[in-house]
Number of protein chains: 2
Amino acid sequence: MQLRNQVEWVLHCCAILAMLPEGARLSTRALAEFHGVPKEYLSKALQSLAQVGIVEGSLGPAGGYRLARPASAISFLDIVEAVEGGGRSFACTEIRCNAPCHPPGFRPEGPCQVARIMWRADDAWRRELAAQSLSALADQLGRELPADLQSRTAGWLKKRISS
Amino acid sequence: MQLRNQVEWVLHCCAILAMLPEGARLSTRALAEFHGVPKEYLSKALQSLAQVGIVEGSLGPAGGYRLARPASAISFLDIVEAVEGGGRSFACTEIRCNAPCHPPGFRPEGPCQVARIMWRADDAWRRELAAQSLSALADQLGRELPADLQSRTAGWLKKRISS
DNA sequence: CGTAATGCGGATATTGTATATCCATTAGGA
DNA sequence: TCCTAATGGATATACAATATCCGCATTACG
């Protein structure tokens with residue numbers, strides 16, 4: 001069980017977007033170069049973010065992406081689910097109904113106990129991610145990253161910012 | 001991100017084994033028929049359980065599997081990780097090191113902040129599964145399953161028990 | 001205007017993993 | 001001795017993740 005590579009990519013992309021000045025945009029090309037990932041494929045992931053309203057894209061030269069709402073209103077769960085989908089990690093196929101000693105077509109009432117337990121763990125995972133906001137990450141990075149690294153990064157980004 | 005089908009299968013298999021009388025065994029064939037899943041493939045999953053000491057297989061006719069320790073000492077996490085592996089759901093590839101503005105070969109100290117947050121969610125998931133024992137599941141099933149279903153199941157299993 | 005850069009969506013190729021099956025071997029009960 | 005069982009290796013199949021390519025509509029800028 002493993003999350004897509006795209007999840008890591010868009011989380012870092014969102015972190016970058018969250019540290020940009022208000023209203024500034026970055027192109028897919030810039031984000032891909034910054035993280036060393038394939039531009040075309042990253043583009044797909046960013047489109048997923050745009051479709052659920054986490055980022056907002058604009059066309060033309062000087063186009064690109066920016067956050068569609070304040071970083072404090074974007075959770076890790078929002079981002080992960082935009083790329084990965086909202087499904088459960090445990091898929092119950094109701095194999096308890098297959099027992100040859102059950103009457104054919106048997107359908108029990110209520111969800112499978114095994115599934116209930118697995119889904120509770122899923123909920124705990126989601127709850128943890130829902131509690132983490134993008135702004136908290138940006139703050140943390142601003143506090144812990146060495147100053148020289150931050151200024152070099154800021155300089156590189158400044159040259160790539162559109163609009 | 002989805003768990004293997006095998007995870008569902010072995011969880012239900014362990015539930016059955018936990019409800020068997022002390023020392024009784026069930027063959028892969030019986031477990032596969034009971035759940036309506038392919039015997040050969042289920043066998044692989046059960047072998048994974050045997051390798052980490054959750055179940056114990058024996059050869060020959062009247063052979064089969066039984067739990068290797070009390071159901072109260074087996075957690076859902078034990079079973080899931082036996083099949084799925086103990087790896088994290090989020091794999092950090094350190095793309096933060098790829099930034100073209102960083103000095104080449106740059107390696108930051110400490111884990112990536114993004115990864116730390118994702119791993120915390122993984123930990124919450126694992127904690128939840130570690131807290132659920134196989135005996136608790138068996139108790140729950142014994143309490144909630146309709147009596148007629150339980151007796152029919154017990155009868156079917158009795159005919160298949162080895163040793 | 002026209003040109004180039006951008007996001008967007010569709011189509012497709014490539015790779016890798018989950019799923020599934022088969023077989024040879026070993027071991028044990030009848 | 002024969003049958004049945006787990007074990008482990010090899011292999012086939014299906015499907016999803018990864019990656020690339022192309023055509024299109026839009027828009028900034030000269």
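Here is a friendly exchange about a predicted model of two protein chains with DNA strands.

Colleague: Let's start with the surface near DNA strand C; which residues come nearest to the strand?
Modeller: The strand has 23 residues around it. Those residues divide into eight nonpolar, 10 polar and five charged. Coming nearest are A:T28, A:K44, A:Y65, B:R4 and B:P61.

Colleague: Which elements each supply at least two residues of that surface near DNA strand C?
Modeller: Both protein chains take part. From chain B, the elements are α1 and α3 (39-51). From chain A, they are α2 (28-35), α3 (39-51) and β2 (64-67).

Colleague: What is the distance from a phosphate oxygen of DNA strand C to an N or O atom in the side chain of A:Y65?
Modeller: Let me set out some other phosphate contacts of this strand beforehand. The side chain of A:Q51 has an N or O atom 3.5 Å from a phosphate oxygen, and a polar backbone atom of B:N5 is 3.0 Å from one. For the side chain of A:Y65, the value is 2.2 Å.

Colleague: Turning to DNA strand D, what percentage of its atoms within 4 Å of the protein belong to sugar or phosphate?
Modeller: This strand is surrounded by 23 residues, and the closest are A:R4, A:P61, B:T28, B:K44 and B:Y65. Among the strand atoms within 4 Å of the protein, some belong to bases. The share in sugar or phosphate is 58%.

Colleague: Which residue has a backbone N or O atom 3.5 Å from a base oxygen of DNA strand D?
Modeller: We can sort the contacts by the part of the strand they reach. The side chain of A:R4 places an N or O atom 2.8 Å from a phosphate oxygen, while a backbone N or O atom of A:P61 lies 3.4 Å from a sugar or linking oxygen. The contact with a base oxygen comes from the backbone of A:G60.

Colleague: And which element gives the largest share of the surface near DNA strand D?
Modeller: Two or more residues come from each of α1 (5-18) and α3 of chain A, and from α2 (28-35), α3 and β2 of chain B. By class, this surface has eight nonpolar, 10 polar and five charged residues. The largest share, four residues, comes from α3(B).

Colleague: Moving to the hairpin of β1(B) and β2(B), which residue there takes a positive phi near 80 degrees?
Modeller: Strands β1 (residues 55-58) and β2 (residues 64-67) of chain B run antiparallel and are joined by four bridges. B:S58 stands opposite B:G64, and the hairpin has five residues between the strands. The positive phi near 80 degrees belongs to B:G60.

Colleague: Is A:E94 buried, partly exposed or exposed?
Modeller: A:E94 sits in the loop between α4 (76-84) and α5 (113-130) of chain A, with a positive phi of about 55 degrees although it is not a glycine. Most residues other than glycine have a negative phi. Because its relative accessibility is 28%, A:E94 counts as partly exposed.

Colleague: What is the phi of A:A62 near?
Modeller: A:A62 lies in the loop between β1 (55-58) and β2 of chain A. Its phi is positive, in a residue other than glycine, with a value near 70 degrees.

Colleague: Lastly, is B:H12 buried or exposed?
Modeller: B:H12 is found in helix α1 (residues 5-18) of chain B. Its contacts include A:I95, A:R96, A:C112 and A:V114, along with B:H35. With a relative accessible area of 9%, and buried meaning under 20%, B:H12 is buried.

Notes:
Residues are numbered from 1 along each chain as its sequence is written. Chains are lettered from A and ligands numbered from 1 in the order in which they are written. Side-chain values use heavy atoms; hydrogens and water are left out. Buried means under 20% relative accessible area, exposed over 50%, partly exposed in between (1.4 Å probe, protein chains only). Contact means heavy atoms within 4.5 Å. A residue is near a molecule or strand if one of its heavy atoms lies within 4 Å of it. A polar contact is a pair of N or O atoms within 3.5 Å; within protein, one must be able to donate a hydrogen and the other to accept it, and residues adjacent in sequence count only if both atoms are side-chain atoms. Ala, Val, Leu, Ile, Met, Phe, Trp, Tyr, Cys and Pro count as nonpolar, Asp, Glu, Lys and Arg as charged, and the others, Gly among them, as polar. Two strands pair if DSSP finds at least two bridges between them.
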